[in-house]
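The exercises below are meant to be worked through slowly, with the structure open beside the text. Try each task before reading its solution.

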Amino acid sequence: MKDALRSRLTDILRELHYPSVDISFERPKVEAHGDLTTNVAMMLAKPVGKNPRQVAQSIVDKLDPSAFRLSKVEIAGPGFINFTFDGASVVERAKEILVRGAAFGRTEAGKGRKTNVEWVSANPTGPLHSGHGRQVVLGKAVASLLEWTGHDVTKEYYFNNAGNQMRTLGESIYARYRQQLGDDYPLAENAYQGEYIVDIAREIVQANGETLRETDDERSFFRKYGEEWCFKRIKETLTRLGVRHDVFYNEDSLYASGKITEVIDEFRKRDLAYDSEGAVWFRATRFGADKDRVIVKGTGEPTYRLPDIAYHREKFRRGFDLIVDIFGADHIATIPDVLNGVQALGYETKDVKVIIHQMVSFVNGDEVVKMSKRNANVYTLDDLINEVGVDAVLYFFVMRSAGTHLEFDIALAKEQSDKNPVYYLQYAHARIASILRHAVQSGVPAADAAALAATTDFSLIGAKEELDLLKKLLEFPETVESCALSFEPHRLTTYLREVAESFHRFYHEHRVINDDPKLMQARLAVCTMAKTVIANGCTILGVSCPEKM
RNA sequence: GCACUCGUAGCUCAAUUGGAUAGAGCGUUGGCCUCCGAAGCCAAAGGUUUCGGGUUCAAGUCCCGACGAGUGUACCA
């Protein structure tokens, strides 16, 4: 419908001998401005040499509103052309919601583009802490949106079980192990302080007694044990949030397969790497950086940059044509290095989308919750889930745009009341479910959505609140698409809140269960549509939508 | 110091990516249940979008500067 209108407008521009311009529509925020608006007249005013309202008038004169099922076309403000849909056409289009059901909202905008989304990627040195929650949830929502828009998505977790951090982990566990055995053994300055290290050590004592007191310098057993323990914890936490990665990519495999040295060689060949002060440097300044970067330390070990670059190249080699990375703001420094490296190796950085999310602070009502890493009792993501529930975690972490700092109010999140935005949405769904149950109890035969679409007399739908709701529901596919293409899942939560609001208004004004069987069926169909959209939206986010609450 | 991100109602945040009268929730004030779920609805109050310039038909949004906040600025990841 939009496309038909666009094509007619394009023709009109040609007939009027106006320059051809891209015709875009927007959805006015003010209700009085109709359902769609275009600014073409304003774009053309200058080249045509007329004032925008005159240009608009000349276009409108040539348009037949009834051909596009428009009840109104008017020129307003500085030169906008506003279109209002005929109510019957809205109702007509809304049938699609019933027909497509759980698939309503899915599109093919991504055209099967092979996409890699990498996120979480925490090294297995401890359980995920509450701050990780934002990353976990954001990545899940982004991946899900990309799937809904027809991308071929691989969900990936990148980790390193070989570096310094793992050495520290092994050392920390060993120290706690010795302490458990009653030995006076010091915990190193840089050791992991968390209580979970003591738990791990205790487990080891229980299983092995003191047989491991003498161990190799690498603390191999402790390292391995710790890695497995931590990874198990991490994966359990992810599972609770409905996150399942397709690939766990081990940084170590890049060394084993020679991909690291390959990058160094290639850099040298292109004069992008050189030796100095016993280290190997990358000429980052060639790409606008303030100084060159070390990629291999004096000790012979690469810095984190080198494997990161090699890893991204491998993603390209594996055939991905869209690479999405999700990083916290604390890792922002790595991004230019990776992008520069990728570019140096001849790949397009525009195919790498880096989503950076700002940090999270936690409050409990008025009280600021301190989450210092030094604190032995870290507030883990599991603790947070236990406290506020899965749905609140999924919703709260994604309801703000990634670019702004997020304040997570624990007291609000666990409050089971109208103050809590998750409940507002879930309540709407449960309310609809309740109405549908009620209808069945009052003797209305339960009809599935397809039957409703086929047998309902939709001409009975036409009240303002009904049309407003249906129009809002019909926005769902384009909302999903636009959230996906802009990588901004928070806008989905905004939209879903509006849907719920629109439903509640409809509900308040119109009785669904009533004496007129045909009218009742029509309104039950509207309810089913609203339920479908809310459910589909919640599915994208992973939030549950209960039939009762 | 430098780089990146941000600055919108008392608080937490939106704003269709440059569009018309800047909107929600919480909080405050006042209405609405003999009726399908009041975890709901309606209404009121609350703003020089941190400040100052610029770009254009149009700026919260883009550019420059100032101020303020966060995060980085390693041969840690």
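**Exercise 1.** Is Lys471 buried, partly exposed or exposed? Then find the residue with which Lys471 forms a salt bridge, and describe where the two partners lie.

*Solution.* Keep in mind throughout that this is a predicted model. Begin with the accessibility: the relative value for Lys471 is 21%, and because buried means under 20% and exposed over 50%, Lys471 counts as partly exposed. Next look for the partner, which is Asp35, with N and O 2.9 Å apart in the salt bridge. Asp35 has a relative accessibility of 10%, so that residue counts as buried. Finally, place the two residues along the chain: Lys471 belongs to helix α18 (residues 464-474), whereas Asp35 sits in the loop between β1 (25-26) and β2 (36-38), and the pair, 436 residues apart, links distant parts of the chain.

**Exercise 2.** Which residue pairs with Lys472 in a salt bridge, and which residues belong to the network that contains this pair?

*Solution.* As background, side chains of opposite charge can pair when their charged atoms come close. The partner of Lys472 is Glu498, and the closest N and O atoms of the two are 2.8 Å apart. In sequence they are separated by 26 residues, with Lys472 in helix α18 and Glu498 in helix α20, and this pair too links distant parts of the chain. For the accessibility, Lys472 is buried at 18%, while Glu498, at 28%, counts as partly exposed. The last step is to follow the shared partners, through which salt bridges join Lys2, Arg27, Lys472, Glu475, Glu478 and Glu498 into one network.

**Exercise 3.** Lys350 and Asp351 form a salt bridge; which of the two is buried and which is exposed?

*Solution.* The closest N and O atoms of this pair are 3.3 Å apart. Lys350 has a relative accessible area of 64% and is exposed, whereas Asp351, at 13%, counts as buried. By the rule used for these pairs, the count for the model comes to 48 salt bridges.

**Exercise 4.** Which residues touch the most other members of the largest nonpolar core, and which helix gives the most to this core?

*Solution.* The general background is that nonpolar side chains tend to be buried together in soluble globular proteins. In this model the largest nonpolar core has 118 residues, and those touching the most other members are Ile59, Phe83, Leu384, Phe397 and Phe408. Helix α21 (residues 517-541) gives the most to the core, with 13 residues. Apart from this core lies another, of 21 residues, including Ile260, Val263, Ile264 and Ile295. To look more carefully at one member, take Ile59 and leave aside its neighbours within four places in sequence: among its contacts are Leu9, Tyr18, Val40 and Ile81.

**Exercise 5.** How many residues surround RNA strand B, and which side chains reach a phosphate oxygen of the strand?

*Solution.* The strand is surrounded by 62 residues, the closest being Lys297, Arg400, Asp418, Arg431 and Glu488. Of the atoms of RNA strand B that come within 4 Å of the protein, sugar and phosphate account for 60%. Among the side chains with an N or O atom close to a phosphate oxygen are that of Tyr424, at 2.5 Å, and that of Ser434, at 2.8 Å. The side chain of Arg497 has an N or O atom 2.9 Å from a sugar or linking oxygen. Sorted by type, the residues of the surface near RNA strand B divide into 20 nonpolar, 22 polar and 20 charged.

Definitions and conventions
Residues numbered from 1 in each chain as written. Chains lettered and ligands numbered in written order. Predicted model: local features only at pLDDT ≥ 70, side-chain atom pairs only at ≥ 80, totals over all residues. Heavy atoms only, no water. Core = buried A, V, L, I, M, F, W, Y, C linked by side-chain atoms within 4.5 Å. Buried < 20%, exposed > 50% of the residue type's maximum accessible area, 1.4 Å probe, protein only. Helix = DSSP H or I, 4+ residues; strand = E, 2+ residues; numbered from the N terminus. Contact = heavy atoms within 4.5 Å. Near = heavy atom within 4 Å. Polar contact = N/O pair within 3.5 Å; in protein donor to acceptor, adjacent residues only side chain to side chain. Nonpolar A, V, L, I, M, F, W, Y, C, P; charged D, E, K, R; others polar. Salt bridge = Lys/Arg side-chain N within 4 Å of Asp/Glu carboxyl O.
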